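I am opening my notebook to record what I looked up in this structure, one topic at a time. I want each entry to be something that can be checked again later.

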Amino acid sequence: MNQNKIRRAKNRTAVHLFPAVLFFYAVFLIFPAATSAGDRLASSIPKAAEDFVQITESQTEPDADHPVSVTKKTFSVAGLDRTYRLLLVSDLHIIVPGDPQVDPECADVAGSRLNEMFRTPSGESSFQLWQTLPSQLDGMKADMILFAGDMVDFATKASTDSLRAGFDSLKTPWMYVRGDHDYAAWYSKSYETQKDAIVLQANTAPRKKVMRQRIGKLTIIGWDNNTAQMTKKGLRDLEKYLQEAKDEKSPVLFLCHVPLKGTVTDKLEQESLQKNGRALLWGDSGCYYRPDDTTKQALDLILDAGSPVALEASGHLHFPYSGPLTETSTIITADPAFQNQIDELVLVPGNSQ
């Protein structure tokens with residue numbers, strides 16, 4: 001293994017140690033009712049920001065009956081036929097203790113990530129937490145579980161096998177969109193390339209750049225590995241799925257690992273700059289992730305005034321946030337699961353005009 005790989009591995013650790021201070025953002029906002037496309041286009045951004053109203057939030061601390069901490073966030077979504085409950089899980093960063101595929105030259109770095117970075121407040125490792133978390137999630141009787149990426153810290157056979165075992169045990173419908181760590185080969189001696197990591201990840205869950213599931217009136221669309229640019233095939237699927245949801249008057253929850261830069265406020269960018277040292281969002285000037293032409297078209301579809309997307313759910317930042325994404329949609333970033341925290345999203349029917 002060459003020194004450049006060791007250096008890159010250490011740099012990755014330094015980057016992820018920076019956002020260690022976590023806090024809960026207390027005010028959550030959502031636009032209560034859909035308007036016509038013409039009205040949306042006519043609205044000014046300042047007025048749209050004023051129209052977002054506070055929603056409820058509550059937290060359940062871990063105890064013997066509920067070992068995981070759950071933050072419940074309620075959103076009003078126009079067009080729903082009933083209340084939907086979804087669980088959002090992101091950034092678990094599973095590392096298997098004694099993983100035989102960790103390169104000996106990276107053992108110290110991988111060990112520090114296992115023992116120092118990705119531990120719950122009570123001292124459990126992310127690997128230990130995953131042994132019981134799937135059954136806890138099933139016990140919450142949600143409509144669906146959303147896994148928003150970085151479920152493993154780096155891809156080895158041991159880490160992806162552990163992840164797959166948890167997925168296979170679930171009885172609740174679920175969707176998994178991967179992040180950069182899910183496809184990473186930074187510390188492995190056997191799978192040292194992105195291609196090898198992709199082969200491993202193909203065994204955890206179906207791989208498709210843009211995926212869709214429907215639950216009743218709600219449409220879930222996911223963008224797999226959105227630390228990479230959108231593909232042309234993914235763009236075609238995204239356009240098709242959004243148009244069908246619009247035609248069916250089905251509100252969309254859009255799931256991806258890296259948050260998108262909104263059109264109403266730059267508050268999330270500023271918080272990411274403060275906590276992460278960079279604005280780790282997809283967007284134009286000031287954002288770490290800069291779209292090519294294909295990705296720009298995808299972002300435009302999601303952020304368009306007439307888009308059926310009501311809520312975007314992401315992870316990646318390792319701190320929770322919720323606020324307006326566009327004049328008609330909301331963005332939420334997940335609590336980090338390695339801190340034994342998940343989010344319960346309660347989508348209640350809103351008024352349509």
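The entries below go from the whole chain to single residues.

**Entry 1: the whole protein**

I noted at the start that I am working with a predicted model. I looked up the secondary structure and found 10 helices and 14 strands in the protein. Of the 353 residues, 56% are buried. I also looked up the contacts with a separation of 6 or more, and 76% of them join residues 24 or more positions apart. For the outside, I wrote down an exposed area of about 14500 Å², of which carbon and sulfur atoms supply 51%.

**Entry 2: a sheet of six strands**

I then traced an open sheet of six strands, whose order is β8-β9-β10-β11-β13-β12 and whose pairing is mixed. Its edge strands are β8, residues 210–215, and β12, residues 321–324, each of which pairs on one side only. On average, neighbouring strands in this sheet are turned by 15 degrees against each other, if direction is ignored. I reminded myself that strands of a sheet pair through backbone hydrogen bonds, either parallel or antiparallel. For one pair, β11 (309–314) and β13 (330–333), I found the parallel sense, with four bridges. Within that pair, Ala-313 has Ile-332 in β13 as its bridge partner.

Next I asked which strands helix α8 touches where it packs on the sheet. Helix α8, residues 232–247, touches β8, β9 (218–223), β10 (252–256) and β11, and its direction makes about 20 degrees with that of β8.

**Entry 3: the largest nonpolar core**

The largest nonpolar core has 30 residues, and those touching the most other members are Ile-221, Trp-223, Leu-238, Phe-254 and Leu-260. At least two residues of this core come from each of β9, α8, β10 and α10 (293–303), and α8 gives the most, with five residues.

I followed Ile-221 further and left aside its neighbours within four places in sequence. Its contacts include Met-175, Val-210, Leu-238, Tyr-241, Val-252 and Phe-254.

**Entry 4: two histidines in one loop**

I turned to His-316, which sits in the loop between β11 and β12. Is His-316 buried or exposed? Its relative accessibility is 7%, so it counts as buried, given that buried means under 20%. Not counting residues up to four places away in sequence, His-316 touches a set of residues including Ser-90, Asp-91, Asp-150, Asp-180 and Leu-280. Asp-180 is 136 residues away from His-316 along the chain, yet their C-alpha atoms are separated by 9.0 Å. The side chain of His-316 also makes polar contacts with two other side chains, that of His-257 at 3.0 Å and that of Tyr-289 at 2.9 Å.

His-318 lies in the loop between β11 and β12 as well. Its relative accessibility is 3%, and therefore I entered His-318 as buried. I looked up which side chains the side chain of His-318 meets in polar contacts, and noted Asp-91 at 3.2 Å and His-93 at 3.3 Å.

**Entry 5: two residues with positive phi**

I looked up Lys-141 and found phi near 55 degrees, which is a positive value in a residue other than glycine. Lys-141 is in the loop between α5 (126–139) and β6 (144–147). With 67% relative accessibility, Lys-141 counts as exposed, because the cut-off for exposed is over 50%.

For Asp-150, phi is also near 55 degrees, again a positive value outside glycine. This residue belongs to the loop between β6 and α6 (157–169). Asp-150 has 0% relative accessibility, so it counts as buried. I noted once more that Asp-150 is among the residues touched by His-316.

**Entry 6: strand β14 and its partners**

Last, I looked at strand β14, residues 341–350, which is mostly covered, with eight of its 10 residues buried. In which sense does β14 pair with β4? Strand β4, residues 69–78, and β14 are parallel and share 10 bridges. One bridge there sets Phe-75 against Leu-347 in β14. Strand β5, residues 84–89, pairs with β14 in the antiparallel sense over five bridges, and Leu-88 stands opposite Asp-343 in β14.

Methods. Residues are numbered from 1 along each chain as its sequence is written. This is a predicted model: local features need pLDDT of at least 70, side-chain atom pairs count only at pLDDT 80 or more; totals for chains, interfaces and linings use all residues. Side-chain values use heavy atoms; hydrogens and water are left out. Two strands pair if DSSP finds at least two bridges between them. Axes are lines fitted to C-alpha atoms, for helices over the stretch in contact, and angles run from 0 to 180 degrees between N-to-C directions. Contact means heavy atoms within 4.5 Å. A nonpolar core is a set of buried Ala, Val, Leu, Ile, Met, Phe, Trp, Tyr and Cys residues joined through side-chain atoms within 4.5 Å. Buried means under 20% relative accessible area, exposed over 50%, partly exposed in between (1.4 Å probe, protein chains only). A polar contact is a pair of N or O atoms within 3.5 Å; within protein, one must be able to donate a hydrogen and the other to accept it, and residues adjacent in sequence count only if both atoms are side-chain atoms. Accessible areas come from the Shrake-Rupley method with a 1.4 Å probe; for residues, only the protein chains shown count as cover.
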